[in-house]
Amino acid sequence: MTDTSSQTTVSFADLPVTDTGHIRKRLRPRPSRRRFMGSVLGAGAAVGLGSLFLVNKAADTAQAAYWQDWTSTNTGPCDPVTGYARNHTENGIMCGPSPMCTSRSCCWKYRNGAGNLVGWHKNAPGSTGYYTHRPDDCWQGTYDSWQWKFSDGNTYRCSDGWTCSASGACSKSICPWAV
């Protein structure tokens, strides 16, 4: 057992007062040169990657703005009364005067990128040759695609392109994509 009568008691008022700024400064660890440089380099890398993301996003936006789509199914090339769409919607399988890829092998099905947009004629190699997009080849040389409401009740985006064989012979083709 310990004798408590010989111990002195200290109250809170008996404690010395010190400068709180000095205590904070001593308790806050100073970063080493290595930690400081690592933080600076990490922040620089984050800013660099962020700017690359913004540049890629701006490029995708600019590319999407370039691809013009005629969306009216009642006027323009898709006019069901006087336009060339008048004879091609009864079966729901024609999409203009060029042959249509009914298998959608000429349509881009993956994520946007590499000069391609989902649901448009692709610019890419295929199993039997390659495909290219025909820009500005629709409706007075301004649009890249048009939309038709077919007899099956669906509205399709029909984008123009070329289907080329391995030997280099190319023929016009149309990618039909339900929108």
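I began with serine 173, whose side chain makes a polar contact with the side chain of threonine 163 at 2.7 Å. I took a polar contact as a pair of N or O atoms within 3.5 Å; within protein, one must be able to donate a hydrogen and the other to accept it, and residues adjacent in sequence count only if both atoms are side-chain atoms.

I note that the model is predicted: local features need pLDDT of at least 70, side-chain atom pairs count only at pLDDT 80 or more, and totals for chains, interfaces and linings use all residues. Residues are numbered from 1 along each chain as its sequence is written, and side-chain values use heavy atoms, with hydrogens and water left out.

**Serine 173**

I placed serine 173 in strand S6, residues 170-178. Strands are DSSP runs of E with at least two residues, helices are runs of H or I with at least four, and both are numbered from the N terminus. Serine 173 has a relative accessible area of 3%, so I entered it as buried. The classes are buried under 20% relative accessible area, exposed over 50% and partly exposed in between, with a 1.4 Å probe and protein chains only. Not counting residues up to four places away in sequence, serine 173 touches ten listed residues, among them Cys101, His121, Arg134, Trp162 and Thr163; contact means heavy atoms within 4.5 Å.

**Arginine 134 and tryptophan 162**

I looked next at two of the residues that serine 173 touches, Arg134 and Trp162. The charged end of arginine 134 sits over the ring of tryptophan 162, 5.4 Å from its centre. The criterion is NZ of Lys or CZ of Arg within 6 Å of the ring centre and within 35 degrees of the ring normal.

**Disulfides**

I searched the whole structure and found three disulfides, each a pair of cysteine sulfur atoms within 2.5 Å.

Cysteine 107 and cysteine 175 are linked with their sulfur atoms 2.0 Å apart. This pair joins distant parts of the chain, 68 residues apart: cysteine 107 lies in the loop between strand S1 (69-70) and strand S2 (124-125), and cysteine 175 in strand S6. I found both cysteine 107 and cysteine 175 buried.

For cysteine 101 and cysteine 106, I recorded a sulfur separation of 2.3 Å and a right-handed link with 125 degrees about the S-S bond.

Cysteine 164 is joined to cysteine 170, S to S 2.0 Å. The torsion about their S-S bond is about 110 degrees, so I entered this disulfide as right-handed. Cysteine 164 is buried at 3% relative accessible area, whereas cysteine 170 is partly exposed at 37%.

**Arginine 157**

I located arginine 157 in strand S5, residues 155-165, and it counts as buried at 12% relative accessibility. Its side chain reaches the backbone oxygen of glycine 119 at 3.1 Å. Beyond four places in sequence, the contacts of arginine 157 include Asp69, Trp120, Trp146, Cys175 and Trp177.

**Aromatic pair**

I found one aromatic pair in the structure. The ring centres of tryptophan 108 and tyrosine 110 lie 5.2 Å apart with the planes at 85 degrees, so the pair is edge-to-face. Rings of Phe, Tyr and Trp (its six-membered ring) pair if their centres lie within 6.5 Å; planes under 30 degrees apart count as stacked, over 60 as edge-to-face and the rest as tilted. Tryptophan 108 is buried at 13% relative accessibility, whereas tyrosine 110 is exposed at 55%.
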